[in-house]
Amino acid sequence: MTATARAAAAATIAAAATASKSERAYAAVKARIVDGSYSPGYRLVLAKIAEDLGVSVVPVREAIRRLEAEGLVTFERNVGATVAGIDPTEYLYTMQTLSIIEGAATALSAPLIGPADIARARAVNAEMRDCLQHFDPVRFTALNRDFHSVLFEHCPNPHILNLVHRGWNRLASLRSSTFRFVPGRAHESVDEHEALLKLIESGAGADAIEKAARLHRSATLDAYLAQSNAGSLSAH
């Protein structure tokens, strides 16, 4: 192997190592944003994060740039990188859209949901009810997605199903859990889940199931908006 070839190979290996470290830094910082360890407004000090992760600043900087592109991080002059807050307008549009498409997906799935699916969804909902005792909003939200996945994953229309997945992923990028801000909504959500399961079990029509699923989703949005408006009023 020539010296040029050796140099090129070494450069390739170094680039791969940096990419791997960048991916690890990205996953670590995103996880901390999602679980609330890095709350909105938290200043992301690159050197400190690099020290915590045992890497150089370079892969951390690359990770922060990716998170900025996803809307989870913002840059402020004389401050640097900080964790972005929830964009109320984006959250509103995402939840409104998801209520429509997930309602449709659930209604289309209903005839294909069997007793085993109902039992699985009910078991997840039981875990959610147990979670209310010592409330963990991040775990509750993960279980909530598991529950709804059982109800919409049988949707025979792949285009609608793709839109549902995109909506859930968008919610996750906005913030890990709405229930962190409106914990009281979690109790109502569990009860509404059981009502939705009973509708499906009873062989209710598509319109009734779609309406129930849409109202369930929009009720969470309404609770968040009410809390946000109350906070805005109390701040003035």
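A residue is called buried when its relative accessible area is under 20%, exposed when over 50%, and partly exposed in between (1.4 Å probe, protein chains only). By that rule, buried residues make up 38% of the 236 residues in this chain. The structure is a predicted model, in which local features need pLDDT of at least 70 and side-chain atom pairs count only at pLDDT 80 or more, while totals for chains, interfaces and linings use all residues. Residues are numbered from 1 along each chain as its sequence is written, and side-chain values use heavy atoms, with hydrogens and water left out.

**Confidence**

- The chain has a mean pLDDT of 84 (the predictor's confidence in each residue, from 0 to 100), and 83% of its residues reach 70 or more.
- Among the elements of the chain, helix α5 (residues 115–131) has the highest mean pLDDT, 96, and helix α1 (residues 3–34) the lowest, 64.
- The pLDDT is below 50 over residues 5–17, a stretch with 1 contact in the model beyond near neighbours in sequence; contact means heavy atoms within 4.5 Å.
- Over residues 231–236 the pLDDT is also below 50, and this stretch has 0 contacts beyond near neighbours in sequence.

**Overall layout**

- The chain contains 9 helices and 2 strands, where helices (H or I, at least four residues) and strands (E, at least two) are DSSP runs numbered from the N terminus.
- Along the sequence, these elements follow the pattern α-α-α-β-β-α-α-α-α-α-α.
- Of the contacts between residues at least 6 apart in sequence, 74% join residues at least 24 apart.

**Packing of α4 and α6**

- Helix α4 (residues 88–109) packs against helix α6 (residues 137–152) at an angle of about 55°, with the axes 7 Å apart.
- Here the axes are lines fitted to C-alpha atoms, for helices over the stretch in contact, and angles run from 0 to 180 degrees between N-to-C directions.
- The angle makes α4 oblique to α6; under 35 degrees counts as roughly parallel, over 145 as roughly antiparallel, 65 to 115 as roughly perpendicular and the rest as oblique.
- On the α4 side the contact involves E102, A105, T106 and S109, which meet H148, L151 and F152 of α6.
- By class, this contact has 3 nonpolar, 3 polar and 1 charged residues.
- In that classification Ala, Val, Leu, Ile, Met, Phe, Trp, Tyr, Cys and Pro count as nonpolar, Asp, Glu, Lys and Arg as charged, and the others, Gly among them, as polar.

**Nonpolar cores**

- A nonpolar core is a set of buried Ala, Val, Leu, Ile, Met, Phe, Trp, Tyr and Cys residues joined through side-chain atoms within 4.5 Å.
- The largest has 20 residues, and M128, F140, F147, L151 and I200 have the most contacts inside it.
- Two or more residues of this core come from each of α5, α6 and α8 (184–201).
- Another core lies apart from it and has 19 residues, including A25, I33, Y38 and V73.

**Residues in the helices**

- A213 is in helix α9 (residues 206–234) and counts as buried because its relative accessibility is 9%.
- Leaving aside neighbours within four places in sequence, A213 is in contact with G103, T106 and L196.
- A213 and L151 are 62 residues apart along the chain, and their C-alpha atoms are separated by 9.9 Å.
- D117, in helix α5, is buried with a relative accessible area of 14%.
- Apart from neighbours within four places in sequence, D117 is in contact with L112, V150 and H154.

**Residues in and around the strands**

- T82 lies in strand β2 and, at 3% relative accessibility, counts as buried.
- Not counting residues up to four places away in sequence, T82 touches G41, Y42, R43, L44, L72, V73, T74 and E76.
- The C-alpha atoms of T82 and R43 are separated by 4.3 Å, although these residues are 39 apart along the chain.
- A84 sits in the loop between β2 (80–83) and α4 and is buried at 9% relative accessibility.
- From C-alpha to C-alpha, A84 and L72 are 5.2 Å apart in space and 12 residues apart in sequence.
- N78 is in the loop between β1 (73–76) and β2 and is exposed, with a relative accessible area of 80%.
- The phi of N78 is near 65°, a positive value in a residue other than glycine.
- Most residues other than glycine have a negative phi.
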